[in-house]
Amino acid sequence: MSEQWTVVALLRWIEGHFREQGLDAPRLDAECLLAHALGLERLELYLQHDKPVMEAERARLRELVRRRARERVPVAQLTGRKEFWSLPLSVDGSVLVPRPETETLVEVALCFLPDREGEYRILDVGTGSGAVALALAHERKKAQVLATDVSEAALAVASGNAERLQLADRVRFAAGSLLEPAAGERFDLVVSNPPYLAEGEAAQLAPELAHEPGAALFAGPLGTELLERLVAGVVDVLATSAGFAVELAPDQAERVAGWCELAGLGEVRIVPDLAGRPRVVAAKSRGQGAD
Ligand SMILES: C[S@@+](CC[C@H](N)C(=O)[O-])C[C@H]1O[C@@H](n2cnc3c(N)ncnc32)[C@H](O)[C@@H]1O
């Protein structure tokens with residue numbers, strides 16, 4: 001990078017470099033990293049397009065560009081930020097970067113909570129950055145949420161996000177596996193985006209995923225191990241006529257829907273994501289819950 005770089009020239013150069021390196025979204029990644037290095041919002045890049053960029057800023061940027069292109073570190077981990085459900089979340093290497101398809105899970109979950117003022121009890125299993133728990137708490141201002149994870153490091157990120165979003169008074173965090181931290185409680189909604197990849201899939205995945213925690217991605221040799229255990233146990237924590245919604249891989253949807261029926265859940269349905277792929281299985285408890 002020479003001495004005369006402006007914002008727009010740098011943007012073009014980085015985009016071209018990312019394109020040559022085969023990144024999926026070269027323009028967007030370039031905008032995010034340039035804005036981050038300059039301490040600007042993305043839109044401000046265009047308002048300041050002819051501003052010269054100083055050597056100190058370019059040095060910071062070079063390192064970000066190198067880590068994105070060569071090491072395939074996800075942009076969100078480089079910037080420490082990811083927007084989910086229009087909420088700004090902090091992320092780091094201890095959590096899954098929230099994915100756009102998980103917004104389908106939030107949409108399905110909200111259908112189980114029709115009263116915006118309802119004092120719902122919500123459980124989010126495997127909360128990661130807190131994305132789902134915080135989106136639901138944001139949408140249902142009187143809901144109480146329990147958000148769990150096996151990873152203490154993830155819970156620290158999630159609770160920081162809850163504080164920043166001023167939702168900490170209604171979202172509790174607890175460490176433990178699957179439904180353990182919720183034992184003895186009943187919920188109007190249980191929601192989860194658990195790890196659902198098979199361990200054998202690791203070699204075929206995008207290199208970016210190597211930077212995310214394995215415990216957030218892989219469930220075991222089959223991929224469905226945690227989904228199966230979650231479905232088998234969920235009736236013990238659901239209130240009467242409560243909702244249950246889980247995210248999964250498209251080829252797992254029929255099997256998980258079958259397990260929901262076996263577990264005694266009703267109104268089982270498979271919901272596609274925006275790309276039309278089966279992404280969420282939703283169901284309702286019948287009379288077996290105890291409020
Ligand atoms: C796919 S990530 C989802 C994170 C977040 N809910 C989201 O949608 O962005 C799965 C999360 O489940 C956690 N996890 C893995 N095994 C678990 C278990 N047995 N019980 C509870 N959480 C678990 C991981 O640490 C990770 O944070």
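There are 19 salt bridges in this structure, where a salt bridge is counted when a side-chain nitrogen of Lys or Arg lies within 4 Å of a carboxyl oxygen of Asp or Glu. As background, side chains of opposite charge can pair when their charged atoms come close. Please keep in mind that what we have here is a predicted model, in which local features need pLDDT of at least 70 and side-chain atom pairs count only at pLDDT 80 or more, while totals for chains, interfaces and linings use all residues. Residues are numbered from 1 along each chain as its sequence is written, and side-chain values use heavy atoms, with hydrogens and water left out.

Let me start with the pair formed by Glu31 and Arg27, whose closest N and O atoms are 3.5 Å apart. These two residues are separated by about one helical turn, because they sit four residues apart in helix H2, residues 26–38; helices here are DSSP runs of H or I with at least four residues, strands are runs of E with at least two, and both are numbered from the N terminus. Glu31 is buried, at 8% relative accessible area, whereas Arg27 is partly exposed at 29%. By those words I mean under 20% relative accessible area for buried, over 50% for exposed and partly exposed in between, with a 1.4 Å probe and protein chains only.

The second pair is Arg68 with Glu208, with 3.0 Å between the closest N and O atoms. Arg68 belongs to helix H4 (residues 55–69) and Glu208 to the loop between strand S7 (197–198) and helix H9 (214–217), so this salt bridge ties together parts that are 140 residues apart in sequence. Arg68 is buried, with a relative accessible area of 7%, and Glu208 is buried as well, at 14%.

A third pair joins the side chains of Lys142 and Glu117, at 3.2 Å from N to O. Here Lys142 is in the loop between helix H7 (131–139) and strand S4 (144–149), and Glu117 is in the loop between H6 and strand S3 (121–125), so the parts tied together are 25 residues apart in sequence. Lys142 is partly exposed at 40% relative accessibility, and Glu117 is also partly exposed, at 46%. Returning to the helix H2 pair, Glu31 and Arg27 belong to one network, joined by salt bridges that share partners, together with Glu15, Arg19 and Arg42.

What about covalent links between cysteines? A disulfide is a covalent bond between the sulfur atoms of two cysteines. A search of the whole structure finds zero disulfides, counting a pair of cysteine sulfur atoms within 2.5 Å. Why does Cys111 form no such bond? The closest cysteine sulfur to that of Cys111 belongs to Cys260 and is 16 Å away, which is too far for a bond. Cys111 is exposed, at 57% relative accessible area, while Cys32 is partly exposed at 21%.

Now to the ligand. Of the 19 residues around the ligand, those that come nearest are Gly126, Asp149, Ser177, Leu178 and Asn193, and a residue is near when one of its heavy atoms lies within 4 Å. By class, this shell has 10 nonpolar, eight polar and one charged residues, where Ala, Val, Leu, Ile, Met, Phe, Trp, Tyr, Cys and Pro count as nonpolar, Asp, Glu, Lys and Arg as charged, and the others, Gly among them, as polar.

Which backbone atoms does the ligand approach? A polar backbone atom of Leu178 is 2.7 Å from a nitrogen atom of the ligand, and a polar backbone atom of Gly126 is 2.9 Å from a ligand nitrogen. On its own the ligand has 600 Å² of accessible area, of which the protein covers 94%, the areas coming from the Shrake-Rupley method with a 1.4 Å probe.

Leu178 deserves a second look for its backbone, since its phi is positive, at about 45°, although it is not a glycine. Leu178 is placed in the loop between strand S5 (171–175) and strand S6 (187–192), and at 13% relative accessibility it is buried. Ser86 also has a positive phi, near 65°, in a residue other than glycine. Ser86 lies in the loop between strand S1 (81–84) and S2, and it counts as exposed at 61% relative accessibility.

Terms used:
Polar contact = N/O pair within 3.5 Å; in protein donor to acceptor, adjacent residues only side chain to side chain.
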